[in-house]
Amino acid sequence: MNTNETIGSILKRRSVRVYKPDQVDLDALELILEAGRYAPSAMNQQPWHFTVIRNRALLDKLDASCKTVFLESDVDALREVARRDDFSVFYHAPILIVVTGDPNALAPQYDCALAMQNMMLAAASMDIGSCWMHSVMMLHATEKGRVVFRELGIVFPEGYNPYSAAVFGYSAAPLPEPEPRKSDSVTIID
Ligand SMILES: Cc1cc2nc3c(=O)[nH]c(=O)nc-3n(C[C@H](O)[C@H](O)[C@H](O)COP(=O)(O)O)c2cc1C
C-alpha cells in the first residue's frame, strides 16, 4: 500500500497505558499544542482552551479523585479495574491536557475532540504516547467534582467545560498490537 508519514502516524497511534516518569520536553509539547490549535472548528470559532498539567503532586491528587468516579460508577468493568490497589487512572503519565470549551459555541464537543485527536496524532508522530481520559469529564460533570477542580486550583476559563482530556508521555513498554477494527463499518455508495 502506498503510504506516507501522516498515515504512518495514524496507524501507529495506540492508547498507551504504561508510562515512563520522564517529562516531555517543552519544544515537543509546544508542537503538540500547535497541532491542537490547528484543528478545524465549527465556523472557525476555536471555542477552546488548553490546560496542561505537569505537576506530579497535582496529577496524583486529580488521579485519586478520578479513581473515585470509577469506583462510584454504575459500570461494573470500571469499578472492577479501579479496585486494584496498583491502578492509576492516569497510568502515572507526566502530562494531562484538558481541552475545555465554551458550551455556547456551535459544536464545542466536536471542536475539542478534534483538537485532542490532532494532539494525539502529533504526539504519535514524535513517538510520544497518549490516552484519552474520560474520567476527567465524568468528574467535572458533578457538582462535587467541580469543587475538587476548584480546591486543587485547576481553574478553567469562566463557564468553559472539559470536552476532551488525555495523558501524554513516553511509553514504558513496547506499543501494544492494534485493537482489532470492525471490518463491516464502511459503506461506499458509487
Ligand atoms: C471517548 C473515549 C473515552 C475513552 N476513555 C478512556 C479512559 O478513560 N481510559 C483509558 O484507558 N482509555 C480510554 N479510551 C481509549 C480507548 O479505550 C481506546 O481508544 C480503544 O480501546 C482503541 O484502542 P487504541 O486507542 O489503542 O486504538 C477512550 C477513548 C475514547 C475515544
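The questions and replies below concern a predicted model.

Me: Why is Thr-100 called buried?
Reply: Buried means under 20% relative accessible area, and Thr-100 has 0% relative accessibility, so Thr-100 counts as buried. This residue is found in strand β2, which covers residues 95-101.

Me: Why is Pro-157 called partly exposed?
Reply: The term covers values between the cut-off for buried, under 20%, and the cut-off for exposed, over 50%; the relative accessibility of Pro-157 is 25%, and therefore Pro-157 counts as partly exposed. Its place is in the loop between α7 (143-151) and β4 (161-169).

Me: What makes Thr-100 and Pro-157 contact partners?
Reply: Contact means heavy atoms within 4.5 Å, and Pro-157, leaving aside its neighbours within four places in sequence, is in contact with His-49 and Thr-100. Seen from the other side, and not counting residues up to four places away in sequence, Thr-100 touches a list of residues including His-49, Cys-112, Phe-156, Pro-157 and Tyr-160. As for Gly-101, its C-alpha atom and that of Pro-157 are separated by 8.5 Å, although the two residues are 56 residues apart along the chain.

Me: What makes 6 residues in the lining of the largest pocket charged?
Reply: Asp, Glu, Lys and Arg count as charged, and the residues that line this pocket include Arg-13, Arg-14, Arg-17, Glu-177, Glu-179 and Arg-181. By class, the lining also has 4 nonpolar and 2 polar residues, and about 270 Å³ of space lies in this largest pocket.

Me: Which residues does the annotation "domain: Nitroreductase" cover?
Reply: According to the unreviewed UniProt entry, this annotation covers residues 10-154, a span that is 50% helix and 12% strand in the model.

Note on methods: Residues numbered from 1 in each chain as written. Predicted model: local features only at pLDDT ≥ 70, side-chain atom pairs only at ≥ 80, totals over all residues. Heavy atoms only, no water. UniProt positions renumbered as here; feature names shortened; annotations may be inferred. Helix = DSSP H or I, 4+ residues; strand = E, 2+ residues; numbered from the N terminus. Buried < 20%, exposed > 50% of the residue type's maximum accessible area, 1.4 Å probe, protein only. 1 Å grid on protein atoms, 1.4 Å probe; cavity = no way out; pocket = protein on both sides within 12 Å on 5 of 7 lines; lining within 4 Å. Points joined across faces, edges and corners; volume = space filled by probe spheres on them.
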